[in-house]
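Please open the structure in a viewer and keep the selection panel at hand. The stops below indicate what to select next and what is found there.

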Amino acid sequence: LLSPDVLLVADSVGLIWRVDLSDDGRAATARVWLKDPSMNPGPPVVPPQPGINGIEYGSRAGYVYYTSTFQQLFMRVPVDPTTLNPAAAPELIAAGSLWDDFDIDEKAEVAYITTHRQNTLQRVPLDPNNGQAIQTVF
């Protein structure tokens with residue numbers, strides 16, 4: 001959720017969709033919120049590898065975070081607080097694992113990310129410039 005009536009949805013094939021809900025919650029409109037090459041899936045193989053996968057908004061920092069499984073990326077996008085649209089291009093936080101879904105802990109400034117095929121849980125700093133290493137915690 002970006003706000004009580006605006007949510008984002010990742011489609012795993014390369015897009016983040018914005019869904020605006022009506023005041024009564026009975027109607028919705030959808031449009032592409034962001035398309036970026038970092039979200040693209042891999043070529044058709046067995047088993048298929050999704051592109052953009054996990055997505056979460058960190059309201060404290062004002063970023064949407066997402067994983068791109070096939071490209072092994074963890075990314076973030078700043079959000080304009082007035083329009084709730086992307087405020088800049090996506091930024092790389094970390095690379096190198098088949099990341100899937102995750103949860104962020106803005107207080108600790110980390111994400112806990114599951115891996116798609118390795119079945120691990122990794123602790124990844126939310127700031128790509130803080131110098132902390134990625135840790136496998138499970």
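Begin with the largest nonpolar core of this predicted model. The core has 16 residues, and the members to select are L2, I16, W33 and Y66, which touch the most other members. Colour the strands next: β1 (6–10), β3 (28–35), β5 (63–68) and β6 (73–78) are the elements that each give two or more residues to this core.

Within that selection, centre the view on W33. Leaving aside neighbours within four places in sequence, W33 is in contact with L2, L8, I16, W17 and R18 on the earlier part of the chain, and also with V64, V77, V79, L84, N85 and P86. Another core lies apart from the largest one; this other core has 12 residues, among them Y63, I93, A111 and L126.

From Y63, proceed to the aromatic rings. The structure holds 4 aromatic pairs. Y63 and Y65 form one of them, a tilted pair with 6.0 Å centre to centre and 50° between the planes. Both of these tyrosines, Y63 and Y65, are buried. Now add F74 to the selection: Y65 and F74 form a stacked pair, at 6.1 Å centre to centre and with 20° between the planes. F74 is buried, as is Y65. To view the whole group, select Y63, Y65, F74, W99 and F102, which ring pairs link into a cluster.

Which charged end sits over the ring of Y63? Select R76: its charged end is 4.2 Å from the centre of that ring. R76 counts as buried because its relative accessibility is 10%, under the 20% limit. R76 also forms a salt bridge with E91, where the closest N and O atoms are 2.8 Å apart. R76 lies in strand β6 and E91 in strand β7 (residues 91–95), so the pair ties together parts that are 15 residues apart in sequence. E91, with a relative accessible area of 29%, is partly exposed.

How many salt bridges does a search of the whole structure find? The search finds 2. To see the one between R18 and D20, select these two residues; their side chains meet at 3.0 Å, N to O. Is R18 buried or exposed? With a relative accessible area of 8%, R18 is buried. R18 has already appeared on this tour, among the contacts of W33.

The next stop is the open sheet of 4 strands, which has the order β8-β9-β10-β11 and antiparallel pairing. Select β8 (99–105) and β11 (135–136) to see the edges; each has a single partner strand, so one side of each is left without a neighbour in the sheet. Then show β8 together with β9 (residues 110–115): the two run antiparallel and are joined by 5 bridges. For one residue pair across these strands, pick I104, whose bridge partner in β9 is A111. A111 is also one of the members of the core of 12 residues.

Finish in the loop between β3 and β4 (52–58), where Q49 is found. Q49 counts as buried, at 16% relative accessibility. Display its surroundings: not counting residues up to four places away in sequence, Q49 touches P41, G42, T69, F70, L98, H116 and R117.

Note on methods:
Residues are numbered from 1 along each chain as its sequence is written. This is a predicted model: local features need pLDDT of at least 70, side-chain atom pairs count only at pLDDT 80 or more; totals for chains, interfaces and linings use all residues. Side-chain values use heavy atoms; hydrogens and water are left out. A nonpolar core is a set of buried Ala, Val, Leu, Ile, Met, Phe, Trp, Tyr and Cys residues joined through side-chain atoms within 4.5 Å. Buried means under 20% relative accessible area, exposed over 50%, partly exposed in between (1.4 Å probe, protein chains only). Contact means heavy atoms within 4.5 Å. Two strands pair if DSSP finds at least two bridges between them. Rings of Phe, Tyr and Trp (its six-membered ring) pair if their centres lie within 6.5 Å; planes under 30 degrees apart count as stacked, over 60 as edge-to-face and the rest as tilted. A charge sits over a ring if NZ of Lys or CZ of Arg is within 6 Å of the ring centre and within 35 degrees of the ring normal. A salt bridge is a side-chain nitrogen of Lys or Arg within 4 Å of a carboxyl oxygen of Asp or Glu.
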